[in-house]
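Student: I am new to this structure and would like a close look at a single part of it. Could you take me through the aromatic rings, with a little of the setting around them?

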Amino acid sequence: MATANKICSLGRRIYRFAASLSGAIALFIILWGCTGSDFNAGAIAWKTYSNSRYGFEFPYPSNWTSLAAPANDDGIAFISRQDNSVEIRGWASQQLANSIVTNQESVKKIKPNFQTAQGVSGVMVVEVDQRVGSMTLTLTQGQVKYCWRGQSKSQKFPDYYRLFYYIAQQYRISKS
């Protein structure tokens, strides 16, 4: 009986490892296709969204459509006219002061892994599952948390990866 349990446990570990490895390999293959250098930002007509409440801006393709802005003016979303499942979104919010946060264990400190063209460091997370692929940039300046996200159906994500990455690089925070 103990041997059977050990074999089942080993089988579960091998399965979990293979499942996580296959997910990592799939993500690698998807992102490998995204690394080409054929993206030409100069071939796109751009507009710039500027947020007066939080002082951030980012470019977006001029032929994309804006969705209704929230009443609190914390950000905006744009969708592609060619495929309304493709979206870019930028927003910001005030963070609670550390002295107000009671459970410091729940506050994760993630090291910056991305830098905008402006020189602001932040955290870039790329996630691809069976349905949706997304690229999310998070920047923190003082008590303000700035976020930008590009999202598409996962099978189309390699087509939009370079566009999303370019826009994230061009994200700017006004120096106050």
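**A close look at the aromatic rings**

Tutor: Happy to! Let us begin just outside the rings, with a glutamine. Gln118 sits in the loop that links strand S6 (114-115) to strand S7 (121-128). Its relative accessible area is 19%, and under 20% counts as buried, so Gln118 is a buried residue. The side chain of Gln118 comes to 2.6 Å from the backbone oxygen of Ile173.

Before going on, please keep in mind that this is a predicted model. The protein has 176 residues, and 32% of them count as buried. Two helices and 10 strands make up its elements. Read from the N terminus, their order is α-β-β-β-β-β-β-β-β-β-α-β. Among contacts with a separation of 6 or more, 48% are between residues 24 or more positions apart. On the outside, about 11400 Å² is exposed, and carbon and sulfur atoms supply 53% of that area.

Now to the rings themselves. Two values describe a pair of aromatic rings: the distance of the centres and the angle of the planes. Across the whole structure, a search finds 16 aromatic pairs. One of them joins Phe58 and Phe78: the ring centres are 6.2 Å apart and the planes stand at 80°. An angle over 60 degrees counts as edge-to-face, so that is the label for Phe58 and Phe78. Phe58 belongs to strand S2 (residues 56-61) and Phe78 to strand S4 (residues 75-79), so this pair ties together parts 20 residues apart in sequence. Both Phe58 and Phe78 are buried.

A second pair makes a nice contrast. Tyr160 and Phe164 lie 5.9 Å centre to centre, with 20° between the planes, and this pair is stacked. Here the partners share an element: Tyr160 and Phe164 are four residues apart in helix H2 (residues 157-170), so about one helical turn separates them. What about their burial? Tyr160 has 14% relative accessibility and therefore counts as buried. Phe164, at 0% relative accessibility, counts as buried too.

Finally, step back to Phe58 and Phe78, since both also belong to a group of rings. One aromatic cluster is formed by Tyr49, Phe56, Phe58, Tyr60, Phe78, Tyr146 and Tyr171. If you find Phe58 and Phe78 in the view, you can look for the other members of that cluster from there.

Key: Residues are numbered from 1 along each chain as its sequence is written. This is a predicted model: local features need pLDDT of at least 70, side-chain atom pairs count only at pLDDT 80 or more; totals for chains, interfaces and linings use all residues. Side-chain values use heavy atoms; hydrogens and water are left out. Buried means under 20% relative accessible area, exposed over 50%, partly exposed in between (1.4 Å probe, protein chains only). Contact means heavy atoms within 4.5 Å. Accessible areas come from the Shrake-Rupley method with a 1.4 Å probe; for residues, only the protein chains shown count as cover. A polar contact is a pair of N or O atoms within 3.5 Å; within protein, one must be able to donate a hydrogen and the other to accept it, and residues adjacent in sequence count only if both atoms are side-chain atoms. Rings of Phe, Tyr and Trp (its six-membered ring) pair if their centres lie within 6.5 Å; planes under 30 degrees apart count as stacked, over 60 as edge-to-face and the rest as tilted.
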